[in-house]
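Let's take a walk through this protein together. Have a look at the sequence and the structure, and then read on.

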Amino acid sequence: MAGKKLVLIVVDGMTPDTFERAVEGRRAPALAFLAEHGAYRRGTSVFPSLTPVCLSSIATGAGPGEHHIPHLVWWHRKERRIVEYGSSFAALRAAGMTQAITDTIYNMNRRHLAAGARTVYEAIDDAGLVSAAVNITCYRGRTRYLPTLPWVTKPAYGPKRFFYYSLFESDQTGAPLAVRNRAAGSTDAYAAAVGRWLVTRDGFDFLAYYLSDFDYASHAHGPSGAEEVALARVDAAVGSLLDAAGGGDAFLERYAVVLVSDHGQTIVDRFAQLETMFSRFAGEVVVCASNRAAQVYLLPGARTDAAALARALDSEPSVDVTLRLEGSEVIARRDGSDGPVTQLEYPDAAERARSALANPNAGELLVSAAEGWEFADLGGRHHAGGGSHGSLVEGDSLVPVLTVGIDAEIARITDVTPAVLTHFDVS
Ligand SMILES: [Zn+2]
C-alpha cells in the first residue's frame with residue numbers, strides 16, 4: 001500500500017466562509033490544527049447541490065450523469081412513482097412512509113445508484129484493503145449486513161466496516177443511539193463515538209466519516225446561525241478522532257486527511273409552490289421540487305415539450321434559470337430567453353448542468369432557484385427563515401476542501417474518490 005491510511009471527513013452543508021472563519025481565529029481548534037498542516041482551496045459541488053446527489057458524487061467520483069441519483073425527490077419512470085429520500089417528515093409521509101424509508105435506506109444504494117458507478121468502498125475492499133463508513137448515505141459495498149432491529153430482515157450491502165445511524169453496525173462499539181435528539185447533535189455524537197472506536201483500533205485503511213448535523217442546524221438557523229449552534233460540535237467530532245490517536249501529531253503520523261463538505265447553503269426567506277405553475281399541464285407532467293432545485297418530468301403521451309415547460313416559468317420570481325436538452329445541446333433559459341449554458345456565470349455551471357441532464361433519472365426540465373427562494377416539498381415544507389441549497393448559485397455550490405498528507409488537486413467533489421484511489425495506488 002502506498003502512503004498512509006486515509007480519513008475522509010465530510011461535513012454536510014458547511015460553506016467555505018464558515019470553514020475559513022473557523023480556522024482563522026482558531027475558533028475550531030481541531031479543524032484549525034488540520035488546516036495548519038494541510039493545503040486548502042475552495043471546490044465545487046454538483047447540480048443539484050443536494051445531499052443524496054452530492055454524497056453519491058463524492059463516493060463514486062462521478063457526477064449524476066454517471067451515478068444516476070438525480071435529486072432528493074424524483075419520478076421513477078419505470079415504476080411510475082415518486083422516490084423521496086427525506087426532504088422532510090411531511091414529504092416522507094406524502095410519498096408513503098414505508099416506501100420512502102425503504103428508498104432512503106436501501107433502494108438508493110441497491111437499486112437507484114448505477115451498477116456501473118463503482119464506489120470508493122468497493123474499489124478499496126476489492127484491492128484487499130479495509131474501507132469503513134460512518135453514517136454516509138452513499139455506502140454501497142460488498143459485505144452483507146442485517147439491521148440491528150430484529151424484526152427487519154432485509155439486508156444492506158456496505159463496506160467491510162459499516163456504521164449507519166445505529167441501524168447497521170459491523171462491530172459493537174458501545175456508541176449511543178444515533179437518533180435520540182437530532183437538533184442537539186446526537187447523530188454526530190454517534191459518529192464521534194464510532195470514529196473514536198475505529199481510530200483507537202486503527203481498524204481501517206480508508207474511513208469515510210460523515211457529519212450531518214451541521215446541515216440540519218444550517219437549515220434551521222441559516223449558514224451563519226449554524227456557526228453559533230453547530231460548529232463547536234463538528235469540531236468536537238473531528239477532535240475525538242485526533243484524541244483517539246493520542247493527539248493531532250500522532251493522528252497525522254498515521255493518517256492522511258481529506259476534509260470537504262458536499263454543498264454550501266444560502267439564506268432563504270421566501271418559498272414557492274412550483275406545482276401551481278404547471279396546473280395547465282395536469283396529467284402530462286410530474287413536478288418534483290425540494291429545497292432550491294426542481295425537476296419536471298414529461299409523462300408518456302404528453303402533448304407538450306420541455307421548451308413549453310420552461311416558458312411556463314418565465315414570469316416566476318422563484319426561478320433563476322431552467323435547463324433542458326435540445327439534441328445534445330444544453331439550453332439555459334433565464335429572464336424569458338434561451339441561451340447557451342456557457343453564459344451562466346455560476347461555478348462550473350456548464351459541466352454540472354451537462355452531467356445533471358445526462359442522468360436517465362432526471363426530469364426533462366431542471367429548475368434552479370433564485371437567491372433567497374426555496375421550493376416547497378411534497379409535504380408543503382420549506383426552510384424559509386433559515387438556510388437551504390440545491391441551486392447553481394455560488395453560495396449553494398462552493399465547498400471547502402482541505403487535504404493533509406495527500407498529494408491531490410481536488411477542485412470538484414467528484415475529484416475526491418479518484419484522489420483517494422490514487423493515494424492507495426488502487427486503479
Ligand atoms: Zn441540506
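Which residues line the second largest pocket? In this predicted model, the lining is made up of His68, Trp74, His76, Arg77, Lys78, Glu79, Arg111, His112, Pro360 and Asn361. Strand β3 (73–76) and helix α6 are the elements that give two or more residues to this lining. Sorted by class, the lining of the second largest pocket has two nonpolar, four polar and four charged residues, and the pocket's volume is about 250 Å³.

Now turn to the largest pocket, which holds about 1400 Å³ of space. It is lined by 38 residues, and those closest to its centre are Tyr85, Gly86, Leu92, Thr104 and Arg182. At least two lining residues come from each of α3 (51–60), α5 (89–95), α6 (97–112), α8 (186–201) and α9. Helix α6 contributes the most, with five residues. The lining of the largest pocket counts 18 nonpolar, 16 polar and four charged residues.

Helix α9 also brings us to the zinc ion. This helix spans residues 213–244 and contains both Asp215 and His219, which sit four residues apart, about one turn of the helix. Both Asp215 and His219 are buried. The zinc ion has its protein donors in Asp215, through two OD atoms, and in His219 and His389, each through NE2, at 2.1 to 2.8 Å. Along the chain, these donors follow the spacing D-x3-H-x169-H.

Why is the arrangement around the zinc ion irregular? The four donor atoms subtend angles of 51 to 140°, and therefore the arrangement counts as irregular. A tetrahedral site would need all angles to lie between 85 and 135 degrees.

Terms used:
Residues are numbered from 1 along each chain as its sequence is written. This is a predicted model: local features need pLDDT of at least 70, side-chain atom pairs count only at pLDDT 80 or more; totals for chains, interfaces and linings use all residues. Side-chain values use heavy atoms; hydrogens and water are left out. Donors are N, O and S atoms within 2.8 Å of the metal (3.2 Å for Na, K and Ca); water is not among the atoms, so sites may look incomplete. Four donors count as tetrahedral if all angles lie between 85 and 135 degrees; four count as square planar and six as octahedral if opposite donors are over 155 degrees apart and all others between 65 and 115; anything else is irregular. Buried means under 20% relative accessible area, exposed over 50%, partly exposed in between (1.4 Å probe, protein chains only). On a 1 Å grid over the protein atoms alone, a cavity is a set of points where a 1.4 Å probe fits but cannot get out, and a pocket is an open set with protein on both sides within 12 Å along at least five of seven lines; lining residues have an atom within 4 Å of a point. Grid points are joined across faces, edges and corners, and a volume is the space filled by probe spheres set on the points. Ala, Val, Leu, Ile, Met, Phe, Trp, Tyr, Cys and Pro count as nonpolar, Asp, Glu, Lys and Arg as charged, and the others, Gly among them, as polar.
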